[in-house]
Amino acid sequence: MATANIQQPDHTVAIVGAGFGGLAAGIKLQERGIDDYVIFDRNDDVGGTWLANRYPGVEVDIPSVTYSYKFALNPEWSQVFAPGAELLQYARDIAERYGIRKHIRFGTRVTAADFDDSTDLWTITTAAGDRVTARFLISCHGALSTPATPDLPGLENFSGKVLRSASWDHDYDLTGKKVAVIGTGATGIQIIPTIAPQVQHLTVLQRTAIWVLPKPNAPIPGFLRNIYRAIPKLQLLPRFLIDSTFEIAETIGVVHNKQLPAITRGMEKLCRRHLHSQVKDKRIREQLTPHYGYACKRPSFSNDYFPTFNRDNVDLETESISQITSTGIEFADGSNLAIDTLILATGFKIFDLPYEISGIDGQDLAKTWDSERMYSYEGITVPGFPNLFLAPGPYGVIGFSWFDTIELCVTHAVQVVAKAVKSGSPQVSATDEQTTEFVEKMRKKVRSTVFASPRCAGSNTYYINAQGDSPYLRPTTRIESARSLRKALKEGYEYSA
Ligand code: NAP
């Protein structure tokens with residue numbers, strides 16, 4: 001490790017991303033008196049994925065009282081599962097309330113970050129060619145920032161309109177159009193019921209069915225919102241109840257699936273009953289029933305997705321697509337579908353880093369993960385990449401609400417940064433030994449998760465990557481994760497003099 005030197009950076013901390021993670025990082029730094037930070041975001045506003053994803057029907061699929069910062073509870077949610085526009089407004093309000101905007105360089109896409117071991121500084125390069133130095137780098141680029149375009153032959157030849165969920169063209173009118181939707185993940189199942197009444201005909205192209213739970217959604221009455229405005233902390237009570245339910249029904253069910261398979265089996269039953277009560281046609285019900293275990297891929301909540309298939313103007317197509325033609329879709333069985341509009345709700349490149357990260361001796365992080373499998377220390381740092389904090393990195397996503405992850409990862413990163421700043425230490429890093437121990441523990445624990453179950457075969461899940469690993473979710477409960485992070489804070493890092 002290099003020794004202290006005096007070269008001053010442009011900023012103490014650089015943050016990538018002005019979504020909820022990046023905003024939290026700014027707030028937490030300010031709380032610790034670190035005001036010299038910059039946030040880069042390629043968009044022209046805050047909100048990250050909630051700014052990009054404004055497709056029809058966009059709504060959070062985790063109850064909003066939980067899907068929000070614990071330190072900035074929001075009394076304004078109009079319903080239990082708030083519409084996307086309210087999430088975006090919440091991000092904007094937070095940025096104003098905490099004075100974050102002045103730190104953000106909007107319209108600035110980061111293309112690379114390089115660590116210089118001789119100066120202990122990161123140099124961040126932007127698409128415009130600017131180079132900015134910072135002592136610490138907190139990357140809050142999010143998992144849902146790089147949309148995945150499906151590898152479908154002929155897609156570029158389609159002469160109709162292509163709409164993408166992560167960059168919806170709101171000027172385009174779907175009224176009276178013949179439409180096909182590719183993708184039946186959490187996004188697709190929100191778009192499909194919303195547009196079905198508007199279009200002339202809708203064909204839903206399903207490759208893998210999704211487990212869908214009933215959505216206990218309801219408006220939050222005005223009197224309750226008034227109470228929350230007067231005493232915001234009262235929201236901690238429903239939050240605690242929801243968090244506990246999620247921890248038991250989802251996190252423990254997923255993480256300890258080997259020991260407690262009844263939890264995911266029970267969730268499957270709930271989903272099947274929901275499907276049965278909502279879809280009249282037996283054949284369609286069978287097609288909509290997943291052939292893999294619950295939670296192998298991300299389930300979702302909806303009350304209006306299944307009933308869409310009772311409509312006369314909606315078809316479910318499960319034949320595989322052989323190519324996109326100029327006028328529509330050709331299927332493997334030789335049949336054709338003529339359409340005006342193709343909607344791609346085909347997800348994100350969850351594991352891709354959206355910019356190059358080079359550590360000591362120019363070591364490239366993406367290539368390292370390619371050749372050595374994905375790893376990190378505590379889901380946040382990587383040896384060989386000092387002063388870098390991924391919020392989150394491999395094995396870093398905690399629990400089922402992204403806000404659990406943000407709260408734990410970003411707070412931890414800022415605590416380590418603050419300790420280094422306070423002690424005047426120019427370089428902080430997790431050691432190889434600690435990382436090896438952590439990664440071995442995570443990989444061992446993954447063997448008990450639902451992802452290691454043979455029931456995940458054929459689920460096409462992003463929870464299992466091309467290397468056969470499951471480095472997305474941290475395979476421990478939220479409580480265990482929080483405990484481990486506290487321990488790591490005390491003994492997990494090496495601070496250079
Ligand atoms: P996703 O879950 O990855 O789903 C993508 C869909 O596109 C899948 O059905 C996939 O089929 C299909 N697909 C991809 N390529 C295809 C191809 N070549 N041919 C046919 N089908 C293809 O993506 P998403 O629905 O955008 O959701 C991503 C994540 O966003 C979710 O898991 C969730 O974490 C988050 N999300 C959250 C909310 C919220 O309210 N909080 C709302 C929406 C989304 P296969 O399954 O066969 O691959």
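Student: Which residue forms a salt bridge with Asp 45, and how far apart are the closest N and O atoms?

Tutor: Side chains of opposite charge can pair when their charged atoms come close. In this predicted model, Asp 45 is paired with Arg 101, and their closest N and O atoms are 3.0 Å apart. Asp 45 sits in the loop between strand S2 (37-40) and helix H2 (49-52), while Arg 101 sits in the loop between helix H3 (84-97) and strand S3 (104-105), so the salt bridge ties together parts that are 56 residues apart in sequence.

Student: Is Asp 45 buried or exposed?

Tutor: Buried means under 20% relative accessible area. Asp 45 has 13% relative accessibility, so Asp 45 counts as buried. Its partner Arg 101 has 26%, so Arg 101 counts as partly exposed.

Student: Where in the chain are Asp 469 and Arg 373?

Tutor: These two also form a salt bridge, with the closest N and O atoms 2.8 Å apart. Asp 469 is in the loop between helix H11 (432-446) and helix H12 (478-491), and Arg 373 is in the loop between helix H9 (365-372) and strand S18 (388-390), 96 residues apart. Asp 469 is buried at 8% relative accessibility, whereas Arg 373 is partly exposed at 35%.

Student: Which parts does the pair of Glu 378 and Arg 474 tie together?

Tutor: Glu 378 and Arg 474 form a salt bridge whose closest N and O atoms are 2.7 Å apart. Glu 378 lies in the loop between H9 and S18, and Arg 474 in the loop between H11 and H12, so this pair ties together parts 96 residues apart in sequence. Both partners are buried: Glu 378 at 5% relative accessibility and Arg 474 at 2%.

Student: Which residues do salt bridges that share partners join into one network?

Tutor: That network is made of Asp 45, Arg 92, Glu 96 and Arg 101. The salt bridge count for the model comes to 18.

Student: Let's turn to the ligand. How many residues surround the ligand, and which are the closest?

Tutor: There are 25 around the ligand, and the closest are Asp 61, Thr 187, Thr 208, Lys 297 and Tyr 462. By class, this shell has 11 nonpolar, nine polar and five charged residues. For polar contacts, look at the ligand's oxygen atoms: one is 2.8 Å from a side-chain N or O atom of Arg 207, and one is 2.8 Å from a side-chain N or O atom of Asn 460. Taken alone, the ligand exposes 910 Å², and the protein buries 87% of that.

Student: Which residues form a nonpolar patch on the surface?

Tutor: Look for Phe 223, Ile 227, Ile 231 and Leu 234, which together have about 370 Å² of accessible area. Ile 227 is found in helix H5 (residues 222-230) and is partly exposed, at 34% relative accessible area.

Key
Residues are numbered from 1 along each chain as its sequence is written. This is a predicted model: local features need pLDDT of at least 70, side-chain atom pairs count only at pLDDT 80 or more; totals for chains, interfaces and linings use all residues. Side-chain values use heavy atoms; hydrogens and water are left out. Patches are made of residues with over 30% relative accessible area and no salt bridge: like charges are joined within 9 Å, nonpolar side chains (Val, Leu, Ile, Met, Phe, Trp, Tyr) within 5 Å. Accessible areas come from the Shrake-Rupley method with a 1.4 Å probe; for residues, only the protein chains shown count as cover. A salt bridge is a side-chain nitrogen of Lys or Arg within 4 Å of a carboxyl oxygen of Asp or Glu. Helices (H or I, at least four residues) and strands (E, at least two) are DSSP runs, numbered from the N terminus. Buried means under 20% relative accessible area, exposed over 50%, partly exposed in between (1.4 Å probe, protein chains only). A residue is near a molecule or strand if one of its heavy atoms lies within 4 Å of it. A polar contact is a pair of N or O atoms within 3.5 Å; within protein, one must be able to donate a hydrogen and the other to accept it, and residues adjacent in sequence count only if both atoms are side-chain atoms. Ala, Val, Leu, Ile, Met, Phe, Trp, Tyr, Cys and Pro count as nonpolar, Asp, Glu, Lys and Arg as charged, and the others, Gly among them, as polar.
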